[in-house]
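Morning, everyone. I will walk through a few parts of one structure, strand by strand, and then finish with a helix.

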Amino acid sequence: MLLPAALRIFWGNFMDKIRETEFSRKVFKNPPAWYRGVPFWSWNCLVDKNKIERDVRIFKEMGFGGADIHSRYGLQNEYLGEEFLELVQFSQKELSKEGLYTWLYDEDRWPSGAAGGLIARPENASRCLLFTPKKQGGSFCRDREEFERCQRSGEDPDGYFLAAYCVQLEQECLKGYQRTETDHYKCNDGVLWYAYLALERNDIWYNGYGYVDTLNPRVVQEFTETTHEKYANVCGSAFGKEVPVIFTDEPQFAYKEALPFPMDKCDIHLSYTDDFDIKFIAKYGYSILDYIPELIWELPDGNVSVHRYRYHNFVSDIFAQSYFQTLYQWCEEHHILLTGHAVEESTLWSQTRAIGEAMRCYQYLHIPGIDILCDAREYLTVKQAQSVSRQDGRDGVMSELYGVMNLDVTFREHLIQGNWQAAMGVTHRVLHLSLMSLEGGAKRDFPVSLSYQTPWHQEYKVLEDHFARVNFAMSQGKSRVRVGVIHPIESYWLHWGPMNQTQLYREEQEERLKELIDWLLFGLIDFDFLSEELLLKQYRETDFGFQAGEMCYEMILIPGCETLRSTTLEYLKKFKAHGGKILFLDQPGAYIDAQSSPKLKCFAGKEEIVSFSKSVILHKLEVVRDVDVVEVQTGRRGKDLLYQMREEADGGKYLFLCNVTQNEMPSFFEITDDGLPGKTCEVHLRGIYRIEKLETNTGNILPVDCVYQNGMTIWYEKIYSGMSFLYHGIPAEQSITNGRADVSKKYTDTHPEIVCELDCIGYQLEEPNVLLLDMPAFSVNGEDMHHEEEILRIGKYVRTELKYQRSYEQPWRLKENNNRPDMVTLQFHIESEIEGMPVKLGIEQPQYAEIIWNKIPVKMQPDGWYIDEAVKTIPLGLLQKGCNELIIEMRTGVQTDFEPFYLLGDFGVKLEGRKAVVIKKPGHLSYGDITSQGFPFYGGNITYFCNFQQTGDDKILSIHDFSAPLLNVYMDGMKEGSIISAPYEVKLKGGDAGKKQIEIRLYGNRYNTLGAVHNSNPSYDWYGNNAWETQGAYFAYEYHLKPAGIFTSPRIITKASFKHALERV
């Protein structure tokens, strides 16, 4: 959707204030807050000003550009209440003091729309069309009039009757059907099915209510009045300035379903609302209720239903308009930007069932947004949002990223995920997430927490600086894209029928679309998707190119679409008449507007129809290629590379190029001389440019040696797994340069030589060592002691035994139910080979507990905290040799969380299976896994000490084999650099010859301390609460830990030329 004139003025003025519009070396060195990441700031506890001040300091230290205030499970302050809003205002002022932005999140948890249950009433509840072979009685009303009358009188009906159908099937296809207005109809020839409007019933997730009707603009308007208006009032003059953005999260309609088999007689739910049919009639001139069976069953002889197509199209429209457009218009009126994302954006199937079409939603977001969890490579998701952003002239794309990546995530993983998304247009990173507290279940809230609880948080700024520099450069000029692809989702809708009849077609369409995206992206042909609905507003006829909003394409691909709109066909005809190039990938479709028509086949010329083949398609697209990367040794196109290019008004280019390899284990033929998967490559850029390399790790800008040949600028890079490169191409006249061989020699004529390996002569922990205590014996209210059990399982048992309903209802709604009338006793027996060592206990909510250590009551006075301020430390006394008994008596109620405990001290731990023994702290640490060297549960940082004989020349420290988020290297106390990703090296500056001390700081992670250590499924990748509560074969009492440490000796190397290396041999 193109911006209206008034908003264009607002948008332009706003963006001029918050971002730098011209590139400068100074800004590139230290980009402002707008280009930096903004974490979800999880308000999940009793929020107070002290916690806010602490977190704001951390955000500034980590290099963030602000924070997005996000109410999540655990919030104790009343959501949108007076105290909550005062804290929002306080947060904004504290963030502004640090030059950071305050982003707002429009919901209590997710999905957006229900305002934390404040507007979740029966008249606002989500609705669906229930299609069922069973006549509904009970609280279903005869019609809408009776239904609304009952609601007004305070009753709570389940829905109302819409129509009944006598359905005849033949050979599992729809032979015929008749609609009746009564539910008493007798169906003599067929099966009687009923259609009802049904309400979504109460759900504890929405604080005791159901989700809301997002197809009803009145409901969405009430959502803005309840939520957005309050934020606008409390933020005052900062709203739309220091508070520039509001985030809406995962709105959806009632999910559509399909029959598993055509002869099944089971309930089916379709998206629907009260005024659906009235609006449908206004658009199409007839009632969709006349044709409901065609939405469910396939027509005979492979025919498609135009009514099915129109239904899905209409649902997509009214969802985008009712929800997103309502919020969009409110934000326009209040001069604040809207971002966020819809749910289920990643496939044709998921979009169809939950939101209709993702691209229609993005037109109503000032910054189109997406959500990428687990680093799933959802190229379709990102490309859809990027396309709308480019076409509508938006400020890039927002991505909610890093969620569900687990506690042991590394800087390399964050770097690669951010890089591939930056190469696809993401300029605003909303990081998942910064937890205000780890109390209770919060530590399992889709970790990792990007805040003070992680031992590496002080180093995170190196990543934020990198991405801020990339985002700044990738916000210059305009995207250079020459290929458009018609999005095939409207053809997919034709086959939303019984699964066993349509599955193969649907899967084939998904696979072909995924293949096409991969071929183009990794064939280094950038492209945009074209939404046929959005083209109605975007398309403009021009003498050159296919103009869609701000973008103009030279070639249009039609990827096997069975149906196109008549409007799209007219646009293609005009494009072709002006010399535009069109490629049909396989045969043109047989339908126009989902109705049989030969027009597409008549329109397509023979030369425009090509087979669906990677080699054929890429060969045809060579005429529009701007960028290529070729391996010098093999001549093959570089693997696993993505790029984005921006073009300035003077013809200058900004090129971002990255390798997206996740797995670093190379095949034999990919191993380079330094043992890593890396290749020397030529980078080709169409045109003649003087190339500068923009170093995103330092902010420096360096010239690049180039070769000019056949109208191309060529330069060389050694590309390793996970690397990225940023270049600035300045238009230049062709000059005489050295030959390609001379230039490439600088990058290929080197060979690593090992000078020495470093021994570890000492080590230092930055935190006390820890013994995880999570398998006590237990007793409830004085009953006999149960055998040892895992602590989360104890919690489930206690809640069942005491009839505490396990509730995800927010604490702020349960304040009146904070009684703790019961007593649970936990008993640990801790074996120790040492004695006399003082130890402490890390415990949550000690105010509700009493502790007995070796028969002696412990004074319950915390003297500090461990990992998180909610985990208090209580001095226990001294260890005794042999068995130590720890008894914890917990006053228990509905809101009690049963969480692990942590024994802390200057000791070692020997772990065998499920049995742990306290031992003397090791005096020496070898290279290898620390979990087998006395530190199985330790998650803090460790410094390894080494000696090195400096000869005066520059050297390189190489560490390839380690498990840690990152390493920092120091020489004689001065930081030399960080090791995050390949080639895993740090340059050691030359100087005075002599003995030098090398310190290698290995940054820890919290997996072996807080993680799902009883989850025995090695392929588990969805790290939310369920990962800690596995059952059956995927649960083990033995501890399943992650390796940690430096595994092989660090090496001092030099990079000699091959000639010198051979001479030494």
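Start with a single pair of residues: F945 has E999 in β57 as its bridge partner. Keep in mind throughout that this is a predicted model.

F945 belongs to strand β51, residues 942-950, which runs antiparallel to β57, residues 994-1002, with nine bridges joining the two. Another of the pairs between them puts C946 opposite I998 of β57.

What stands opposite F945 in the pairing of β38 with β51? That is G762. Strands β38 and β51 are also antiparallel, and here the pairing runs over four bridges.

Now the whole sheet. It is open, has five strands, and its order is β38-β51-β57-β54-β55, with antiparallel pairing. At the edges are β38, 762-765, and β55, 974-979; each has a single partner strand, so one side of each has no neighbour in the sheet. From one strand to the next, the twist averages 25°.

Is β51 largely enclosed or largely open to the outside? Buried here means under 20% relative accessible area. Seven of the nine residues of β51 are buried, so the strand is largely enclosed by the rest of the structure.

Next, another sheet. This one is open too, with five strands in the order β39-β48-β42-β46-β45, and the pairing is antiparallel. Its edges are β39, 769-773, and β45, 864-866, and since each has a single partner strand, one side of each is left without a neighbour in the sheet. Ignoring direction, neighbouring strands in this sheet are turned by 40° against each other on average.

The partner of β39 is β48, residues 901-905; they pair in the antiparallel sense over five bridges. If you want one position to look at, find V770, which stands opposite L904 in β48.

Last, the helix. α19 covers residues 566-577, which is 12 residues, and it reaches 17 Å from its first C-alpha to its last. That is close to the 16 Å expected at 1.5 Å a residue.

Which residues of α19 are buried? They are T568, L569, Y571, L572 and F575. These cover an arc of only 160° around the axis, which means they lie on the same side of α19. The spacing explains the pattern: an α-helix has 3.6 residues a turn, so residues three or four places apart point the same way.

After α19 comes G579, and its phi is positive, near 90°.

That is where I stop.

Conventions. Residues numbered from 1 in each chain as written. Predicted model: local features only at pLDDT ≥ 70, side-chain atom pairs only at ≥ 80, totals over all residues. Heavy atoms only, no water. Pairing = 2+ DSSP bridges. Axes fitted to C-alpha atoms, helices over the stretch in contact; angles between N-to-C directions. Buried < 20%, exposed > 50% of the residue type's maximum accessible area, 1.4 Å probe, protein only. Expected span 1.5 Å × (residues − 1). Arc of directions from axis to C-beta.
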